[in-house]
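Reader: Please present the model, and then let us discuss its cysteines, one loop serine and a surface patch.

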Amino acid sequence: MQNIQNFIAGQWISGDGPGQPLMHAITGEQFATVSSKGLDFQGMFDFARDKGNKSLRKMTFQERALMLKALALYLMDRKEKYYEVSYKTGATRVDSWVDIEGGIGNLFANASLRRKLPNQPFCIDGEYAPLSKEGSFIGQHILVPKLGVALHINAFNFPVWGMLEKVAVNLLAGMPAIVKPAAITSYLTEVVFRDIIESGLLPAGALQLVTGSAHNLIDFVNEQDVVTFTGSADTGRLLKRHENIIEHAVPFNMEADSLNCCILGSDAVFGTPEFDLFIKEVKREVTTKAGQKCTAIRRIIVPENMVEDVSYHLTEALSQVMIGDTKHKNVRMGALVGKGQVEEVKGKVVQLLKDSELVYGLDELILVGDNTQNGSFMGPVLLRATNTEADSRVHDIEAFGPVSTIIGYKDIDHAIELANRGKGSLVSSIVTYDDAIATQYTLGAAPYHGRIMVLNRDCAKESTGHGSPMPLLTHGGPGRAGGGEEMGGLRGIKHYMQRCAVQGSPTTLTEITQVYQPGGKYKDPGKHPFRLHFEELTVGDTLITHKRTITETDIVNFANVSWDHFYAHTDVTSLDGTIFTERVAHGYFVLSAAAGLFVDPGKGPVLLNYGLEECRFLKPVYAGMTIGVKLTVKEKIDQEKKTDDDIAKGIVKYYVDIYDELDEKVAVATILTMVKKIDN
């Protein structure tokens, strides 16, 4: 009998007592026990704060991101053994792929965010705010890692993805985590977690694991910690009201099960590609993970005149699904996670039938496989609502399994109303080839949904589907869905960081943020900055160029070269009633002329121009005006070598300040250069 352990303060530890029995979802046999009784929870939090937090917050975003990338590669090499263990949860190979490789994919996706983040342990947030007339006093928001621990309380349905999609974000932010998976599938989480620890890629205290009951874990969180919860709305609300959460104002990010819906557009009648896509999408969402997904389609909202067509074709599609031992090549739907879950779902179906009628399901199952008689199987159930009003149970009760209800709507406004009666959902989708319908639905339903997917023939081939959250997009929803956000790219890391407004002089804030703030004092690099390697450059290093007088010939020549013959540059007879008093230089010519002033032409450490950001043309430049440039190192971003033969380099952002003979800004821009390092 396997004993599922906890990882506490750098040690694998078994809980006290006989523990909770863990059953094989396919065969019904007990194969393990799990317990967290008697664990030192206070010691866990102390270890995470003293060891994990201190180590992670010293690392730069680049170092944390590369750590995630290395971990993703390490786990991907070992994925097959995770599939073998996932079989015990009742999952098919496809179900397991979503959980296992989807979870590892989150590590890769978050690691890729390093290209948008500085080579610092913290980052700025947004633009600076000028706070004084002369510009000597400004404000800037910064984001710094919190000093606490992220406590992740996860659901049973995604024991790998649920862990990795959260820890990827908190680790990138510089915060350690305590992971609390649902005990019933914690054995799969433990297998992956052991490999994470054995990889040696994470600093001590960065991750800890509690596989058994949560007991009183929340008693130990404080104001620097973050709690995330994924599971039932009832449990989430109970935890959110915990007196320790309230007393210390602990951020509580809740992602709860919801009554997600899929809408069939009135244009998507039988015979169109969209009708076929709709049937296929709903079938997939009902059967994938045996319906045990927080994003699964619970309400199927279709035009009233298509209810019969949809009922018939969904019944036909669901009746072809083979259920049973997921190692059998023809099986497309496995078991629920346990017999208790089967009973719970069937109980919810009984309640739903008070406001609906049975279309398909609840028959005695014909299972594939010889060892399935004691498994936790349940076939797809399709209902049709007989009451769709606000008090209908179809808008309130969720059967967390392969159960969905067809609801008829009168027009698109009625469809929006029905969708929103779920009181807040993680995701809604609409299948239509009419962009007007898609627009009306999206704008009407968005306040009640965390994500909306529009599906049609143009995107179907590459669509990730209704039920698949994406790492760089927010995952969460309002109201019943919890009001929280998970993941979301750069948005996600902000949950684990403290935003602080810093005020002072531009020079001081430049030193604090390591991003040049306009108005800050310039530094003399001693030579042209294009002659300096990446390591030799300092934020604030500035080149003040010689000047150039713009002529009418310059303007005419640029028009001829660029083919930009906009009237303000070429036709002085058309200026009446415009903001221009005479022929004006092209903005892009002004920028090009500035480059001619600040570029050092000789071969040196600058490898190439990498791009242009934040370009603004602030004042017209006329023939006879003289411009100069102040070129300042704004920010430095390190880059890793992709191969041993790769050139060691980094990205240097330069603030380009173009001014005229009155010392007034005519244009500003940020250019990006790729700069070679000294040490290759």
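**Cysteines, a loop and a patch**

Author: The count of disulfides (pairs of cysteine sulfur atoms within 2.5 Å) comes to zero. This is a predicted model, in which local features need pLDDT of at least 70, side-chain atom pairs count only at pLDDT 80 or more, and totals for chains, interfaces and linings use all residues. Residues are numbered from 1 along each chain as its sequence is written, and side-chain values use heavy atoms, with hydrogens and water left out.

Reader: Which cysteine sulfur is nearest to that of C500, and how far away is it?

Author: C500 takes part in no disulfide. Its relative accessibility is 36%, so C500 counts as partly exposed (buried is under 20% relative accessible area, exposed over 50%, partly exposed in between; 1.4 Å probe, protein chains only). The nearest cysteine sulfur lies 13 Å away and belongs to C123.

Reader: Which backbone nitrogen lies 3.1 Å from a polar atom of the side chain of S132?

Author: S132 is in the loop between β7 (129-130) and β8 (138-145), where strands are DSSP runs of E with at least two residues, numbered from the N terminus. With 28% relative accessibility, S132 counts as partly exposed. The backbone nitrogen at 3.1 Å from its side-chain polar atom is that of F137.

Reader: What is the approximate area of the nonpolar surface patch that includes L608?

Author: L608 belongs to strand β28 (residues 606-617). At 39% relative accessibility, L608 counts as partly exposed. Patch residues have over 30% relative accessible area and no salt bridge (a side-chain nitrogen of Lys or Arg within 4 Å of a carboxyl oxygen of Asp or Glu), and nonpolar side chains (Val, Leu, Ile, Met, Phe, Trp, Tyr) are joined within 5 Å, like charges within 9 Å. Together L607, L608, Y610 and I647 make a patch of about 330 Å².

Definitions and conventions. Helices (H or I, at least four residues) and strands (E, at least two) are DSSP runs, numbered from the N terminus. A polar contact is a pair of N or O atoms within 3.5 Å; within protein, one must be able to donate a hydrogen and the other to accept it, and residues adjacent in sequence count only if both atoms are side-chain atoms. Accessible areas come from the Shrake-Rupley method with a 1.4 Å probe; for residues, only the protein chains shown count as cover.
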